[in-house]
Amino acid sequence: MQSAPAAQRGTGLGPRGIRAVIVAPRTFGGERDPTPPARQPAHPPGWWGAAARSQPCSMRKMLAAAVSRVLSVVAQKPARRVLLSSCNFSNKATFEMKSCDLYLLEKGPPVATVLTREDGIKYYRMMQTVRRMELKADQLYKQKFIRGFCHLCDGQEACYVGLEAGIKPSDHVITSYRAHGIGYTRGLSVRSILAELTGRRGGCAKGKGGSMHMYTKRFYGGNGIVGAQVPLGAGIALACKYMGSNEICLTLYGDGAANQGQIAETYNMAALWKLPCVFICENNLYGMGTSIERSSANTEYYKRGNFIPGLRVDGMDILCVREATKFVADYCRSGKGPILMELQTYRYHGHSMSDPGLSYRTREEVQDVRSKSDPIKLLRERMLSKQLTSIDELMEIEANVKKEVEEAAQFATTDPEPPLHELGFHLYNNNPPFEVRGPNQWIKFKSIS
Ligand SMILES: Cc1ncc(C[n+]2csc(CCOP(=O)(O)OP(=O)(O)O)c2C)c(N)n1
Ligand SMILES: [Mg+2]
């Protein structure tokens with residue numbers, strides 16, 4: 001049965017359109033520096049901004065011309081263009097969003113929000129980075145640098161960037177095997193993700209995890225068994241409650257996983273114990289090659305918690321996801337127990353690298369989502385429409401992202417593989433050395449934490 005195009009099925013993916021780049025974040029080992037990325041030293045926003053903004057236009061042009069000569073030497077960029085266009089940027093703007101559908105809730109997230117220029121640029125860079133990283137992974141897979149499983153998440157970028165924007169770094173996240181994007185937004189560097197995919201020593205799991213098993217602080221993977229991360233997420237939320245940390249756990253799973261029995265069991269326990277757990281169903285319309293209409297008797301996943309309140313969110317709109325995430329995070333933190341959030345989204349690639357993704361959906365359907373609902377295009381259009389950025393600046397961001405991803409790929413294809421004798425290392429944290437059995441009982445590996 002051929003499913004109808006996404007837009008016709010009322011997926012909430014409204015017509016929209018965009019593209020972009022940014023400044024590479026500093027990295028420390030596998031993790032990104034948690035401080036916000038610095039602007040290029042050649043043209044930081046603060047050094048001329050306040051003075052220049054208060055000048056009349058002709059004075060701004062004179063100032064730009066003078067500074068241009070100095071900057072063109074050090075910045076290797078058309079400084080006049082940067083200065084002039086930056087003068088006209090707004091610092092923030094208000095945007096309206098699609099309202100969320102609610103279940104057992106009287107009030108939902110706001111339908112309008114303020115986006116600062118700084119945040120907009122940050123989100124744009126992050127979404128572009130995830131997109132480019134996934135396209136690079138696709139290429140490395142086809143070149144046979146990456147072997148085995150590989151599930152890409154391009155198309156779903158607004159979910160990951162929006163979720164991270166709505167929680168605290170101290171909160172917790174666990175997800176399925178489609179883990180590259182959210183691993184990045186949780187703090188992993190592109191380099192450590194790509195090197196993990198190629199099985200190299202510099203990978204975030206030291207080259208021993210691969211696509212489905214990436215971790216960093218307060219990010220628990222990367223789980224290959226469909227739905228198995230959901231009870232684990234409730235367990236993490238139980239720990240948050242037990243420790244009285246006022247932290248929450250975002251527990252992600254797909255529309256396919258939503259039909260599993262263990263998900264219903266977990267809803268029950270989480271509600272019973274009022275756990276600070278946000279159940280997040282990434283509804284990308286398909287579980288492998290099966291459309292939601294063929295797999296689910298009830299495709300309103302935000303209502304599937306039965307006794308747990310829920311909301312359905314436009315997962316292609318970063319602002320919608322951010323505001324909804326703040327809303328559900330506040331709900332959980334206030335001690336009311338779990339809440340369910342369905343993110344309506346779409347994956348551009350097939351389920352995994354062995355799935356061309358076009359036997360169960362049409363090329364036109366994918367193209368339709370790309371042209372009307374792409375999350376990066378949407379943010380781009382919004383920011384341009386309210387003068388939060390310029391095309392030049394976005395292109396500069398794109399160029400920087402491209403460079404960062406290229407350098408990461410270079411590392412991921414040249415870094416050595418972990419040595420064989422380290423195969424059993426790092427199984428446990430802070431454990432005295434012990435021996436592990438290999439594929440047969442005569443092969444022994446030493447395990448060192
Ligand atoms: C317990 C279990 N059953 C089946 C599989 C094979 N499998 C891997 S992904 C998948 C589909 C899951 O779809 P969904 O939950 O919608 O997530 P998406 O891939 O769309 O992100 C299946 C059936 C598995 N890994 N684990
Ligand atoms: Mg799915």
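This report describes the overall make-up of a predicted protein model, its magnesium site and one pair of packed helices.

In this model local features need pLDDT of at least 70 and side-chain atom pairs count only at pLDDT 80 or more, while totals for chains, interfaces and linings use all residues. Residues are numbered from 1 along each chain as its sequence is written, chains are lettered from A and ligands numbered from 1 in the order in which they are written, and side-chain values use heavy atoms, with hydrogens and water left out.

**The chain as a whole**

The protein chain holds 14 helices and 14 strands, taken as DSSP runs numbered from the N terminus (helices H or I, at least four residues; strands E, at least two). Of its 449 residues, 54% are buried, where buried means under 20% relative accessible area with a 1.4 Å probe, protein chains only.

**The magnesium site**

Asp255 (OD), Asn284 (OD1) and Tyr286 (O) are the protein donors of the magnesium ion (ligand 2), at 2.1 to 2.2 Å from it; donors are N, O and S atoms within 2.8 Å of the metal (3.2 Å for Na, K and Ca), and sites may look incomplete because water is not among the atoms. Along the chain these donors follow the spacing D-x28-N-x1-Y. Two of them are buried, as the table shows.

| Residue | Relative accessible area |
|---|---|
| Asn284 | 6% |
| Tyr286 | 3% |

**Two packed helices**

Helix 4 (residues 117–142) packs against helix 13 (residues 375–385) at an angle of about 155°, with axes 10 Å apart, the axes being lines fitted to C-alpha atoms over the stretch in contact and angles running from 0 to 180 degrees between N-to-C directions. The two helices are therefore roughly antiparallel, a term for angles over 145 degrees.

Definitions and conventions:
Buried < 20%, exposed > 50% of the residue type's maximum accessible area, 1.4 Å probe, protein only. Parallel < 35°, antiparallel > 145°, perpendicular 65-115°, else oblique.
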